[in-house]
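Trainee: I am new to this structure. Could you walk me through some of its charged pairs and how they get their labels?

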Amino acid sequence: MGSTLLHELLMAITSYYLFKRILQMAAALLGTSLVAFLIFRIIPGDPVSLMVGPGVTEEYIAQLKAYFKLDQPLIIQYLYWVADLLSLNLGTSFRYGSSVSSLIFERLPATVELVLFTLMIAVFFGVITGVVAAVRQRVNTVIQALTISGLAIPHFLWAIIFVIFFAAILKMFPASGRVDIGVNIQTVTGFYLIDALITGNIDGFFNALQHITLPAISLAIGMTAFIQRTLRSSMLEVLREDYILTDRMKGHSELYIIFVRSLKNALMPVITLTGVQFTFLLGGSAIVERIFGWPGMGNLLFTAVQYRDYTLVQGILMFYTFITITVNFLVDILYTYINPKVEFK
Amino acid sequence: MNVMADKSTRRNFLSTVGVGVASAVIFGVGGYFLGSSGSRIIERTVTQAAQTATVTRTQTVTQPTTVITTVTETAAARPTRLVIAWPFEIVTLNPYRFSRNIPVESPMATIYDRFLSQTRDLLQVPGVVESWEWGAEKTSLDLRVRKGIKFHDGTELTAEDVAFSLATMKTPPNAYAGVWGVISDIQVVNPSLVRLTLSRFDPSIIAWMGFLDAFVVPKHVWERVGPDEFGKNPVGSGPYKVKSYRPGILELERFDDYWRGAAAIKEVVFKEVLDPRSRAVEVEAGTSDYTLEVDINDFQRLSSLQGLKGVSQLVTDVAILMIPTYYPETGDENVRLAMHYAIDKEAIINNILRGHARVVHTTEAPGYRAYDPDFKFPYDPAKAAELLSKSGYSKSNPVKITVATFKGSFPRDYEVMQAIVAMWAEVGIEAQLEVITIAQHFEMRNTGKMKHAHFYVWSNATGDPINSVGHSQWPNSPFSTWRGLKAANLTDYSGLMNQATEVINPVFLEKDEEKRIAAARQAARWVVEKGLVIPLYQLAQLHIMKRDVKYDPWPQGWVLPYYMSY
Amino acid sequence: MTKLLEVRELNIKIFGKPVVKNVSFEVESGEVFGLVGESGAGKSLTGKAIIRLLPPEAEAAGKILFKGNDLLSIHEKAMRKIRGKEITLIQQDPVTSLNPSFKIKDQITDIMKLHLGLTSKEAEERAVELLKKVGITSPEKVLHKYPHQISGGMCQRVMIAIAFACEPSLVIADEPTTALDVITQALVINLMKQIQRQYNTAIIFITHNLALALNICDRIAVMNNGSIVEVLDADRVFEDARHEYTLSLLTSIPTIEKSFIR
Ligand SMILES: Nc1ncnc2c1ncn2[C@@H]1O[C@H](COP(=O)(O)OP(=O)(O)OP(=O)(O)O)[C@@H](O)[C@H]1O
Ligand SMILES: [Mg+2]
């Protein structure tokens, strides 16, 4: 299995497809760079006024603007920035004075861990409920009802409900943070769950698991509902296909038909959806991160926007775009692996 | 969104919706229940708070206005750790880099020492700098560095470190480099004496030495690791040293060799929790021992809980209305003054802010150097109407203006402005509210695109009039409303700009401190009498802590674990 | 010959609407039995009812006796032992009747592993043989391909290989050649007959093409509008046909084909 995936990857790399894909990526990054650059320069807000306190002189403000090249024409500012980007330098944050890439990488693991964990929960429950809903009409009624509330209530509302019920009233789960204070998990990958496991820190693992549960579930509910619905309808379609009749006529059991023969075909739209959701969650988890005091990218992005930290906002947007493109690419590869009909074209 | 993506039967659909609605109702009712039980508690405690308030409210900023406690003290083994649910992001510990408002710098003030310290009365007193002395013409300043101060790595703090810190601070892009730009030369005379040469007289430099980024870093460490790395593994001389620093969590450990004496609590943790509701849950669930800047409702509710107490502390934040005079309407002094007379500040404080604020009559709050206890600007709607009628306005023919406010940036900001708009309507001022962000506010102020009036909260933890009436009103300051007028070359309909410059000049230029303060007091009064600014109230900061934590919050808004104990 | 299958009074309703009415016929072991009728006559439903794979909206009543057991009333578990092993089904469109997500190898070996208890290796060896038997010249290559990578004719050969893999006693071939071009049709038909003779398998050959049925079937049942109008010996159709509908079908066969049939 792994070798097949590797093989597909190698094929992709050696093919013309990849070349085309890289061109697409470059175009997307260029587009984003323009948008990211312009968006905060068009809407009002002056980062320099926001960063200096009272008591500075007009000359100093000018000096600072010159330092950040804000006194230059927009096009020149843009070119400076792009030149930096090309040398893989995201620049220096206005507000924190630290390098944007180090800020991002400091905060990224928390967000990515949350998002991946969310996806795992959502895919697991989404697939199970989706399949059950497709094959059991009675259970389906209940599942559809839950799905409606899952979709109707936005994730931050779930977050608030969970914080109040499970953290404040029942005190079953911690309200915020990634681990309890005093629990030390040695950093290897930056993902606490994984780090705790590979360093054999079982207590740390369960502590981190407790902390990630509520935020991940709040994010996962809507997604589970989405996956459930998508999978259910694609499953219903697949189950009516001739080839499933063929598999049935061979005498396979119903479970095998559903979970092996049908699921692999029905999963196609779910994979696309999950890929989209991953990149969506990266940015969309911000509010939930805030509610659960999750020290991820969300908090960083909030303040970056609030204080018009141009370089930081731009850096984060570029980074997200890069991730989005990469994830799409990986999804495509996964797609061809699961659905051999799709080839790199 | 199409709920019926597949071919369910009609009946199925109905029952599906039924269950969906039912579950939504359950949650809705749950939420309502929580909300209503919360507000019942509030009503109870508010009366309590009001009673307490009348007793403890004083004219100085040094005392908390209200202390709400409802449980009796219980004795227990003293904890060794205190966790603070912290309302701000903790991103770098480099003390110079990022710009801050006051409370944000508390972790820094715990790790580092400032050149000078500040008392609760906002006075500058010796810190790392043991004494200071102005040279002739007040363009040079001698700083004598205290002996025997140790950095966390055990090395001794010397004049070299002080000089290095000053030199670093004044280099862009460090956030306040501009403030220190006035220092033209730094000279280490001997291991305990630093001499500064100033390019011009700046009366606020002493205040700045005990303020914002005026922290001392060890030269040898900084030079070895560079600013970014220093921001991750900082070494200071403050009461706590960094035990571990991960994104979102700063764990500190008592520094036993602290020169003022070791702190009472062994370990202190700053935990980043940006959402006010979640901070409330943190202390309610007991995972944090302390938090601040919670919602007023949460404050009332939590204060009444077993094991918690709430402290409402007036701080050096003054809410004002900034009035640019580049509109004919606000160019008219009658209109400006009527706007002020028509506002019932007491009512706003009692009804909207639930007592967590105090009326001010100038930009200078009690405790500020230029506070003027004799000056009062009364609430007088009749007078307001009379002034308006002089300019031909009345309730039936109101003057029409637009007012900018924030929504959620400061406690109840939007609600307060709604109330003010209603009060104005009573006298013949028809105002339209426009919600903006802080970033927009700066942009509008700088480019001469302000509305007729802007809600804003002006902080001045130094207590020096330069940082209140000075920078908010002086036409030469880059922060006053005049800046936009000048930048966009607009008409000053009040014709007061030159006079304002003259009146406020001494605040910046007068070398005799007593005369300077007297002039500032005059200036603060003058700008209010001319209607160039409408001071509203001084804000309180709301703290919630475990019942057994002993701590008096500081009027500057800092949270200083060094002064905490169990 | 012994009776392999006996269909008695089979009635099928879809959403309550009768589409197959009182259908009865018998199939002997080793016999090729044709089920002929125009589109919508109910042929496919009858075929699917026998292997008990009707769509959920269809309801079947009556008796389907296979080797003496009533397939409509036995337990699903027992039915699964019959499907694939005793009775198999070949559908009209070979391309859509193979699972696009699995390699040919998976789709042909699974049935043998399931019913014959073969290991993967044994099953693969046998699959190679089977593919050779259905005229595929490089079976090892084909085994490692996905359905969309081979032609329609090739797919149908694979389906035939699957259908005969466990040497079942009855194959229901539902218009197995309709989707193929004329030459491939002839090849596939010959192939089926060949294998059928070798294994002595009974086939229910469903088609709307009477000429084709006459060519390969021993007996044919003519279906119209959900009912069987008459059952005839293939050799004697022209002589014995009485029913109006059969006659109309016969006249529609071109004369050249008639001579070919003889
Ligand atoms: N799933 C279904 N839902 C509704 N009606 C159906 C379904 N399957 C078959 N029918 C109807 O039942 C009747 C018989 O269908 P069947 O498929 O058995 O016809 P057929 O004789 O095989 O025709 P064809 O030559 O077109 O395959 C047709 O009228 C058809 O419309
Ligand atoms: Mg058919």
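Trainee: What makes A:Glu113 count as buried or exposed?

Mentor: Happy to help, and keep in mind that this is a predicted model. A:Glu113 has 6% relative accessibility; buried means under 20%, so A:Glu113 counts as buried.

Trainee: Which partner does A:Glu113 have in a salt bridge?

Mentor: Its partner is A:Arg178, with N to O at 2.6 Å. The cut-off is within 4 Å, so the pair is called a salt bridge. A:Glu113 sits in helix 6 of chain A, while A:Arg178 is in the loop between helix 8 and helix 9, and the two are 65 residues apart. A:Arg178 is buried as well, at 8% relative accessibility.

Trainee: How do you know that B:Arg301 and B:Asp298 form a salt bridge?

Mentor: Their closest N and O atoms are 3.4 Å apart, and the limit is 4 Å, so the label fits. Both residues lie in helix 8 of chain B, three residues apart, about one turn of the helix. B:Arg301 has a relative accessible area of 18% and B:Asp298 has 14%; each value is under 20%, so both are buried.

Trainee: Why is the pair B:Asp464 and B:Arg516 said to tie parts together?

Mentor: B:Asp464 lies in the loop between strand 17 and helix 15 of chain B, and B:Arg516 in helix 18, so the pair connects parts 52 residues apart in sequence. Their salt bridge spans 2.8 Å, N to O. B:Asp464 is at 2% relative accessibility and B:Arg516 at 0%, so both count as buried.

Terms used. Residues numbered from 1 in each chain as written. Chains lettered and ligands numbered in written order. Predicted model: local features only at pLDDT ≥ 70, side-chain atom pairs only at ≥ 80, totals over all residues. Heavy atoms only, no water. Salt bridge = Lys/Arg side-chain N within 4 Å of Asp/Glu carboxyl O. Helix = DSSP H or I, 4+ residues; strand = E, 2+ residues; numbered from the N terminus. Buried < 20%, exposed > 50% of the residue type's maximum accessible area, 1.4 Å probe, protein only.
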